[in-house]
Amino acid sequence: MNRLDFLIDCLIKEDPQYAEMRIPEDLQGKRDLFRALRNVREPKPVSEEFLRLQDEELQAQLQEKGVVELDAVQQLSIINSQFSILLWQGDITRLRVDAIVNAANAQMLGCFHPLHRCIDNAIHSAAGVQLREECHRLMLRQGHLEPTGQAKITKAYNLPCKYVIHTVGPIIPNGIPTAFQKEQLASCYHNIMACADENGLESVAFCCISTGEFRFPNQLAAEIAVQTVKDYLTAHPDCSVRQVVFNVFKDEDRNIYQPIIK
């Protein structure tokens with residue numbers, strides 16, 4: 001039995017409802033099923049053998065995607081001789097920075113929708129089951145849902161970054177944010193910068209928090225993001241963070257961020 005077959009078989013055997021499930025023959029089918037089963041899996045212990053082989057598989061997939069170093073990222077703005085702001089379009093799970101930002105939900109356990117295209121799903125899928133387990137431990141200690149606008153840091157496991165900073169952005173059902181919701185989004189960026197600073201991190205990559213399914217308008221979200229980060233760096237000249245990357249995936253967001261950063 002090869003590595004992927006073994007991993008999928010372990011996950012299938014965890015739950016009786018998967019008893020009749022068959023492992024696909026093709027590589028992409030196997031990888032999709034492996035990811036989907038991890039997406040829906042509740043946080044719970046797993047064997048050391050599973051973790052070892054899972055880590056080998058996820059590291060192999062990372063090498064196929066390719067790790068992106070900071071010197072390959074476009075620098076658009078220099079606040080002063082110490083701080084620079086950069087823009088990069090692509091998969092944030094490829095970036096080798098000190099921390100990437102995850103737009104989480106209030107449960108803080110990652111996305112449970114199989115193969116969902118949200119950033120929360122992508123980050124947890126690339127990191128491995130250890131990330132959900134660590135988030136679960138954090139939430140058990142906390143004893144309540146994560147408030148909007150805060151920040152929590154975890155290890156990154158199989159991601160090329162060192163840490164993941166999780167934040168819950170405001171949800172805008174009608175797409176028209178109130179003044180309070182604008183403040184909540186600004187709090188996300190401020191508290192992430194503070195968290196990175198407290199942990200001595202030098203580089204942070206932000207995703208587009210609260211846009212997409214949370215329906216915060218892209219243009220306004222980008223303006224709040226860049227201004228809040230610049231304000232933090234200006235107010236904290238001794239901040240450990242020296243490079244901030246705004247990561248975008250769509251052309252629309254790249255075209256919004258470029259003139260704002262400049």
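A residue counts as buried when its relative accessible area is under 20%. Asn-121 has a relative accessibility of 1%, so Asn-121 is buried. The model is predicted, and this residue is a good place to enter it.

Asn-121 sits in helix 4, which runs over residues 119–127. Leaving aside residues up to four places away in sequence, Asn-121 touches Arg-35, Asn-39, Cys-111, His-113, Leu-115 and His-116. Its helix is mostly covered too: seven of the nine residues of helix 4 are buried. They are Asp-120, Asn-121, Ile-123, His-124, Ser-125, Ala-126 and Ala-127. What lies over them? The cover of these buried residues includes helix 2, helix 3, strand 3 (99–104), helix 5 (129–142) and strand 5 (163–168).

Just past the end of helix 4 comes Gly-128, with a positive phi of about 110°. Helix 5 then crosses helix 4 at roughly 110°, and the two axes come within 5 Å. Angles from 65 to 115 degrees count as roughly perpendicular, so helix 4 is roughly perpendicular to helix 5. On the helix 4 side, the contact uses Ile-123, His-124 and Ala-127. On the helix 5 side, it uses Gln-130, Leu-131, Arg-132 and Cys-135. By class, this contact holds four nonpolar, two polar and one charged residues. Ile-123, His-124 and Ala-127 thus appear twice: they are buried, and they meet helix 5.

Now turn to the N-terminal part. Helix 1 spans residues 3–13, and helix 3 spans residues 48–65. Their axes come within 10 Å and cross at roughly 130°. That angle falls outside the parallel, antiparallel and perpendicular ranges, so helix 1 and helix 3 are oblique to each other. The crossing is left-handed. Helix 1 contributes Arg-3, Leu-4, Phe-6, Leu-7, Cys-10 and Leu-11. Helix 3 answers with Glu-49, Phe-50, Leu-53, Gln-54, Glu-56, Glu-57 and Ala-60. Sorted by class, the contact of these two helices has eight nonpolar, one polar and four charged residues. The spacing of such contacts has a general background. An α-helix has 3.6 residues a turn, so residues three or four places apart point the same way.

After helix 1 the chain enters a loop that leads to helix 2 (27–40), and Asp-15 lies in this loop. Is Asp-15 buried or partly exposed? Its relative accessibility is 25%, so Asp-15 counts as partly exposed. Asp-15 also gives a sense of distance across the model. Leu-201 is 186 residues away from Asp-15 in sequence, and their C-alpha atoms are 40 Å apart.

Next comes helix 6, residues 179–198. Helix 6 has 20 residues. Its first and last C-alpha atoms are 28 Å apart, close to the 28 Å expected at 1.5 Å a residue. The buried residues of helix 6 are Gln-181, Gln-184, Leu-185, Cys-188, Tyr-189, Ile-192, Met-193, Ala-194, Cys-195 and Ala-196. Just after helix 6, Gly-200 takes a positive phi of about 70°.

Helix 6 packs against helix 7 (residues 218–235) at an angle of about 40°, with the axes 9 Å apart. The two are therefore oblique to each other. Their crossing is right-handed. Helix 6 brings Lys-182, Leu-185, Ala-186, Tyr-189, His-190, Met-193, Ala-194 and Asp-197 to the contact. Helix 7 brings Leu-220, Ala-221, Ile-224, Ala-225, Thr-228, Val-229, Tyr-232 and Leu-233. By class, the contact has twelve nonpolar, two polar and two charged residues. Several of the helix 6 contact residues, including Leu-185, Tyr-189, Met-193 and Ala-194, are also buried.

The loop ahead of helix 7 deserves a last look. Strand 6 (203–206) precedes this loop, and Ser-210 is found in it. Ser-210 has a phi near 75°, a positive value in a residue other than glycine. At 3% relative accessibility, Ser-210 counts as buried. Arg-215 is in the loop between strand 6 and helix 7 as well. Its phi is positive, about 70°, although Arg-215 is not a glycine. Which accessibility class does Arg-215 fall into? Its relative accessibility is 44%, so Arg-215 counts as partly exposed.

Conventions
Residues are numbered from 1 along each chain as its sequence is written. This is a predicted model: local features need pLDDT of at least 70, side-chain atom pairs count only at pLDDT 80 or more; totals for chains, interfaces and linings use all residues. Side-chain values use heavy atoms; hydrogens and water are left out. Axes are lines fitted to C-alpha atoms, for helices over the stretch in contact, and angles run from 0 to 180 degrees between N-to-C directions. Helices (H or I, at least four residues) and strands (E, at least two) are DSSP runs, numbered from the N terminus. Angles under 35 degrees count as roughly parallel, over 145 as roughly antiparallel, 65 to 115 as roughly perpendicular and the rest as oblique. A crossing is left-handed if the near helix is turned anticlockwise from the far one by less than a right angle, and right-handed if clockwise. Contact means heavy atoms within 4.5 Å. Ala, Val, Leu, Ile, Met, Phe, Trp, Tyr, Cys and Pro count as nonpolar, Asp, Glu, Lys and Arg as charged, and the others, Gly among them, as polar. The expected span of a helix is 1.5 Å times one less than its number of residues. Buried means under 20% relative accessible area, exposed over 50%, partly exposed in between (1.4 Å probe, protein chains only).
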